[in-house]
Amino acid sequence: MDYGMLLLGVVVLVAVVGLGSSATDRRLGRVDRRLARVERKLDAIAEHLGVPVEEPELEEVTALLRQGKKIQAIKAYRDSTGADLKEARDAVERLAY
């Protein structure tokens, strides 16, 4: 068996997977930015129309913040809202002050 050809095959396979992964990451980044724009527009429309946008019940999050458990509060926020890490961190920061 020619180990050189096997090694070449493995290298090519890793390169193809790496390129496909970075393309997917770029596509997901674009989708995230578009979704954020849509959310900002919806928030602006709701504010303009005077429609209240209620936050989900965050009793567990506020209780964790009072105990000084910020990381657990961020996790609880993500679990209850489905938010990503940055959004959850920003929201918990706002709740903390």
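**View 1. Lys75 and Asp79, two exposed residues that pair up.** Both Lys75 and Asp79 are exposed in this predicted model. Their side chains meet in a salt bridge, with 3.2 Å from N to O. The two sit 4 residues apart in helix H3 (residues 70-81), so about one helical turn separates Lys75 from Asp79. Side chains of opposite charge can pair when their charged atoms come close.

**View 2. A salt-bridge network in helix H4.** Here the focus is helix H4 (residues 85-96), where Lys86 and Asp90 lie 4 residues apart, about one turn of the helix. The side chains of Lys86 and Asp90 form a salt bridge at 2.9 Å, N to O. Asp90 also has a salt bridge with Arg89, this one at 3.8 Å, N to O. Why does Asp90 count as partly exposed? Its relative accessibility is 28%, and the partly exposed class runs between the 20% limit for buried and the 50% limit for exposed, so Asp90 falls in that class. Arg89 is partly exposed too, with a relative accessible area of 39%. Through shared partners, the salt bridges join Lys86, Arg89 and Asp90 into one network. For the chain, the count of salt bridges comes to 4.

**View 3. The largest nonpolar core and the helices that build it.** This core has 12 residues in all. Leu58, Val61, Leu64 and Leu65 are among them, along with Ala73, Ile74, Ala76 and Tyr77. Ala83, Ala88, Ala91 and Val92 also belong to the core. Which helices each supply at least two residues of this core? They are helix H2 (59-66), H3 and H4. H3 gives the most, with 4 residues.

**View 4. A closer look at Ala83 in the core.** Ala83 is one of the residues of the largest nonpolar core. What does Ala83 touch once its neighbours within four places in sequence are left aside? The contacts are Tyr77, Arg78 and Ala88. Tyr77 and Ala88 are also listed in that core.

**View 5. A nonpolar patch on the surface.** Now for some greasy side chains on the outside: Leu35, Val38, Leu42, Ile45, Leu49 and Val51 make a nonpolar surface patch of about 570 Å². Take Leu49, which lies in helix H1 (residues 3-49). Is Leu49 buried or exposed? Leu49 has a relative accessible area of 59%, and exposed means over 50%, so Leu49 counts as exposed.

**View 6. Stepping back to the whole chain.** To place the close-ups, here is the overall picture. The chain has 4 helices and 0 strands, and from the N terminus on its elements run α-α-α-α. Its C-alpha atoms fill a box of roughly 70 × 35 × 20 Å along the principal axes. The radius of gyration is 22 Å, whereas a compact globule of 97 residues would come in near 13 Å. Of the 97 residues, 13% count as buried. The chain exposes about 8,200 Å², and carbon and sulfur atoms supply 61% of that area. How many of the contacts between residues at least 6 apart in sequence join residues at least 24 apart? The share is 21%.

Technical notes:
Residues are numbered from 1 along each chain as its sequence is written. This is a predicted model: local features need pLDDT of at least 70, side-chain atom pairs count only at pLDDT 80 or more; totals for chains, interfaces and linings use all residues. Side-chain values use heavy atoms; hydrogens and water are left out. Patches are made of residues with over 30% relative accessible area and no salt bridge: like charges are joined within 9 Å, nonpolar side chains (Val, Leu, Ile, Met, Phe, Trp, Tyr) within 5 Å. Accessible areas come from the Shrake-Rupley method with a 1.4 Å probe; for residues, only the protein chains shown count as cover. Buried means under 20% relative accessible area, exposed over 50%, partly exposed in between (1.4 Å probe, protein chains only). The radius of gyration is taken over C-alpha atoms; the globule rule is 2.2 Å times the number of residues to the power 0.38. Contact means heavy atoms within 4.5 Å. A nonpolar core is a set of buried Ala, Val, Leu, Ile, Met, Phe, Trp, Tyr and Cys residues joined through side-chain atoms within 4.5 Å.
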